[in-house]
Amino acid sequence: MDRDTNHLSTTGQQPASDAGGPPPFDTTSPDRQGTDAASAPSVREAIRIDSLSRAFGDREVVHGIDLTIPSGSMYGLVGRNGAGKTTTLSMATGLLRPTSGSVSIRGIDVWQRPREAKSLVGVLPDGVHLFDRLTGRQLITYAGLLHGLDKETVSERSEDLLKAMDLTDSANTTVTDYSAGMRKKIALASAMVHAPKVLVLDEPFESVDPVSASNIRDILAGFVRNGGTVVVSSHVMDLVQRMCDHVAIMNQGSILAAGTVDEVRGESSLEDVFVDLVGGRVESEGISWLGTS
Ligand SMILES: Nc1ncnc2c1ncn2[C@@H]1O[C@H](COP(=O)(O)OP(=O)(O)OP(=O)(O)O)[C@@H](O)[C@H]1O
């Protein structure tokens, strides 16, 4: 499979010679392709990113990317350290203002109608800062009340989420005394309490033990089965290949490939395709002074 062609298709530069069929890694939605006007784009596209860029000072780190996350998908965003995943997800969820371009969540522009857009999305940011003087239960409750839920609903959902995250026994412990994995889980629970339509999770499994990770995967799979959409960033290709139905590979602020996992990986593993596309493997015989007696 021609990776270069794949790259072109994601950047909207599909060559005319490819007109014989749908592009293999087309990031444009059916709506963008002008077919099937019956379904409203706002519902069919969980997230739509158009020409999104972000610079810090005079250094642009996200370069005018286009990406459509279909509703009901489990979408992986993968890339090397510094590729621009967190910057992209922060812009997509209203946490970081883009330098240019636009993002909409279920048809609602994130930066023009932030309140409405944010009510639809639950976010687990990277390196999340929590109000860690609160207990786990208080933190979820606080998140629920901030979203305007009534006390009874918040209370019911808090207990469900604490149980699902295996945190019931630590519900009255202050978050400052939680381990890294427990903090991740309580942050995830807080992101879910308002029953969002879309979950955007930056490295949700980092520091999380394998049993909890399986439980969380089950919760996310159930969420998707019920019509929700999940976007996860991850460095773990195996996990993305097993868990996600769609994936986008990001490198140096651009999307190199995007589509269903099967389309992107073809006959190879996602990890091989990733390394092949992104490059950067270092030929070395090791560090000479390391391990010598
Ligand atoms: N606030 C900031 N000020 C300046 N540069 C920034 C800032 N935030 C991110 N960057 C730069 O933008 C680039 C993309 O960073 P980003 O955190 O989006 O990458 P990432 O793909 O999430 O990386 P990782 O996998 O390591 O978390 C990096 O070069 C980073 O140094």
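I began at the end of the open sheet, where I105 stands opposite I108 in β5; I note that the model I am reading is predicted. The pair belongs to strand β4 (residues 100-105) and β5, which I find joined in the antiparallel sense over 2 bridges.

Stepping back to the whole sheet, I count 4 strands in the order β2-β1-β4-β5, with antiparallel pairing. I looked for the edges and found β2 (59-70) and β5 (108-109), each of which pairs on one side only. I then checked what packs on this sheet and found helix α3 (residues 85-92), which touches β1 (45-56), β2 and β4, and whose direction makes about 120 degrees with that of β1.

Next I followed α3 to the ligand. I listed the surrounding residues as F56, V61, G79, N81, G82, A83, G84, K85, T86, T87 and D126. The element that gives the most to this shell is α3, with 3 residues. Sorting the shell by character, I get 3 nonpolar, 6 polar and 2 charged residues.

I turned to strand β9 (residues 246-251) and asked how far it is covered, finding 6 of its 6 residues buried. I looked at each face in turn: H246, A248 and M250 lie on one side, V247, I249 and N251 on the other, and all are buried.

For the neighbours of β9, I find strand β3 (residues 74-79) paired with it in the parallel sense over 5 bridges, and within that pairing V78 stands opposite I249. With strand β10 (residues 254-260), β9 runs antiparallel, and 6 bridges join the two; here I took A248 as a reference and found A258 to be its bridge partner in β10. The hairpin of β9 and β10 has 2 residues between the strands, and I note that Q252 takes a positive phi near 45 degrees there.

Last, I singled out M250, which is found in strand β9. I class M250 as buried because 24 other C-beta atoms lie within 10 Å, and the cut-off for that class is 20 or more. Leaving aside residues up to four places away in sequence, I find M250 touching L77, V78, G79, A83, G84, K85, I255 and L256. Among these contacts, G79, A83, G84 and K85 also appear in the list of residues that surround the ligand. I also recorded a long-range pair, M250 and T88, which are 162 residues apart in sequence and 9.9 Å apart in space, C-alpha to C-alpha.

Technical notes:
Residues are numbered from 1 along each chain as its sequence is written. This is a predicted model: local features need pLDDT of at least 70, side-chain atom pairs count only at pLDDT 80 or more; totals for chains, interfaces and linings use all residues. A residue is buried if 20 or more other C-beta atoms lie within 10 Å of its own, exposed if 12 or fewer, and partly exposed in between; C-beta atoms are placed from the backbone. Two strands pair if DSSP finds at least two bridges between them. Two residues are in contact if their C-beta atoms, placed from the backbone, lie within 7 Å. Axes are lines fitted to C-alpha atoms, for helices over the stretch in contact, and angles run from 0 to 180 degrees between N-to-C directions. A residue is near a molecule or strand if its C-beta atom, placed from the backbone, lies within 6 Å of it. Ala, Val, Leu, Ile, Met, Phe, Trp, Tyr, Cys and Pro count as nonpolar, Asp, Glu, Lys and Arg as charged, and the others, Gly among them, as polar.
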